[in-house]
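The exercises below ask you to look up places in a structure and to reason step by step from what you find there. Please try each task before reading its solution.

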Amino acid sequence: MATLTHIPRRGLLFVMSSPSGAGKTTLSRKLLAADRNITMSVSVTTRKPRPGEVDGKDYHFITPETFDEMVKQKQLLEWATVFGNSYGTPRAPVEEALEQGRDVLFDIDWQGTQQLAQNMKDDLVRLFILPPTADTLRERLIKRAQDSSSVIAKRMAEANHEISHWPEYDYIIVNDDVEESHRMVMAILTAERLRRHRQLGLTDFVRNLTKKL
Ligand code: 5GP
């Protein structure tokens, strides 16, 4: 097979938001497994780990004091309080990835997405996942059953609020079928990578190309 032309480009920030239980975690995992050039941003949180969650992989679990210190030192790109806990995105790994042409996937809420839109609009691609029905959302939350029933009730109420932010996103997927949704996610990523402003190597490439015409 012929070698494919490689045009250096800047990485992008791919945000997937949704209410808890809309299938976002499954879609993120499928995306990370299917594409080697995108990595997950590991957030810091003051929330306690759920059973099975691994420190440094699912989150960096930190104390409220450490969180406040990171905010003060401007080490977080964005942060928010969700369900009474603090969550934030460490800045350094994201900036490094962008410069190296690697993409970063974010599982953050609408508050964090708004902050990224203010600070890093050109690098940002926003995707919102909707459940097809309210019942699907409820069933998925109950099936997950990692949270207590009072937390589940609270999250159902919060889902309404989270969903109200859908118009702030660039792409919306109604997650009826996970395989079909995954294909749509990959299509969005492929198209966004081709945007002219991300393809930093194009000027040189075209200069070389036209020199020989
Ligand atoms: P969970 O506690 O279920 O892992 O996450 C609760 C909510 O916090 C989810 O909506 C998730 O998207 C959001 N979240 C997780 N990490 C971050 C982060 O770094 N920043 C922001 N703004 N939200 C986050």
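**Exercise 1.** Find the element that holds threonine 45, decide whether this residue is buried or exposed, and name the partner of its side chain.

*Solution.* Begin with the place in the chain: threonine 45 belongs to strand β3, which covers residues 44-45, in what is a predicted model. Next, take the relative accessible area, which is 0% for threonine 45; since buried means under 20%, this residue counts as buried. Finally, follow the side chain of threonine 45, where a polar atom lies 3.0 Å from the backbone oxygen of serine 86.

**Exercise 2.** Work out how serine 20 and glutamine 73 are classed by accessibility, and find the side chain that each of them contacts.

*Solution.* Serine 20 is placed in the loop between β1 (13-17) and α1 (24-34). Its relative accessible area is 18%, and because the limit for buried is under 20%, serine 20 is counted as buried. The side chain of serine 20 is joined to that of arginine 155 by a polar contact of 3.2 Å.

Glutamine 73 is found in another loop, the one between α2 and β5. With a relative accessible area of 45%, glutamine 73 is partly exposed, because this class takes in what falls between the 20% and 50% limits. Its side chain makes a polar contact of 2.8 Å with the side chain of glutamate 69.

**Exercise 3.** Examine the backbone angle phi at lysine 74 and at phenylalanine 83, and say where in the chain each residue lies.

*Solution.* As a starting point, most residues other than glycine have a negative phi. Lysine 74 has a phi near 60°, which is a positive value in a residue that is not glycine. This lysine 74 is located in the loop between α2 (64-72) and β5, and at 61% relative accessibility it counts as exposed, because the limit for that class is over 50%.

Phenylalanine 83 also calls for attention, with a positive phi near 50° in a residue other than glycine. The loop between β5 and β6 holds phenylalanine 83, whose relative accessible area of 25% makes it partly exposed.

**Exercise 4.** Describe the surroundings of the ligand: where does it sit, which residues come nearest, and which atoms of the protein lie at short polar distances from its oxygen atoms?

*Solution.* First locate the site, which is the largest pocket. The elements that contribute two or more residues to the shell around the ligand are β5 (76-82) and β6 (85-90). Of the 17 residues around the ligand, those that come nearest are Ser43, Arg47, Tyr59, Tyr87 and Asp107. Sorted by type, the shell consists of six nonpolar, four polar and seven charged residues.

Now turn to the individual distances. In the side chain of tyrosine 59, an N or O atom is 2.5 Å from an oxygen atom of the ligand, while for the side chain of serine 43 the corresponding distance from a ligand oxygen is 2.7 Å. The backbone takes part in this list as well, as a polar backbone atom of glycine 88 is 3.2 Å from an oxygen atom of the ligand. As a last step, consider the area: taken alone the ligand exposes 510 Å², and the protein buries 94% of that.

**Exercise 5.** For threonine 39, isoleucine 172 and tryptophan 166, set the separation along the chain beside the distance between C-alpha atoms.

*Solution.* Threonine 39 is in strand β2, residues 38-40, and at 37% relative accessibility it is classed as partly exposed. Along the chain, threonine 39 and aspartate 103 are 64 residues apart, and their C-alpha atoms are separated by 6.5 Å.

Isoleucine 172 lies in strand β9, which spans residues 171-174, and is partly exposed at 35% relative accessibility. From isoleucine 172 to serine 17 the separation in sequence is 155 residues, and in space it is 9.7 Å from C-alpha to C-alpha.

Tryptophan 166 is placed in the loop between α6 (149-163) and β9, and its relative accessibility of 44% makes it partly exposed. The C-alpha atoms of tryptophan 166 and arginine 140 are separated by 20 Å, with their positions 26 residues apart along the chain.

Methods: Residues numbered from 1 in each chain as written. Predicted model: local features only at pLDDT ≥ 70, side-chain atom pairs only at ≥ 80, totals over all residues. Heavy atoms only, no water. Near = heavy atom within 4 Å. Polar contact = N/O pair within 3.5 Å; in protein donor to acceptor, adjacent residues only side chain to side chain. Areas by Shrake-Rupley, 256 points an atom, 1.4 Å probe, with all protein chains shown as cover. 1 Å grid on protein atoms, 1.4 Å probe; cavity = no way out; pocket = protein on both sides within 12 Å on 5 of 7 lines; lining within 4 Å. Sits in = over half its atoms within 2 Å of the grid points. Helix = DSSP H or I, 4+ residues; strand = E, 2+ residues; numbered from the N terminus. Nonpolar A, V, L, I, M, F, W, Y, C, P; charged D, E, K, R; others polar. Buried < 20%, exposed > 50% of the residue type's maximum accessible area, 1.4 Å probe, protein only.
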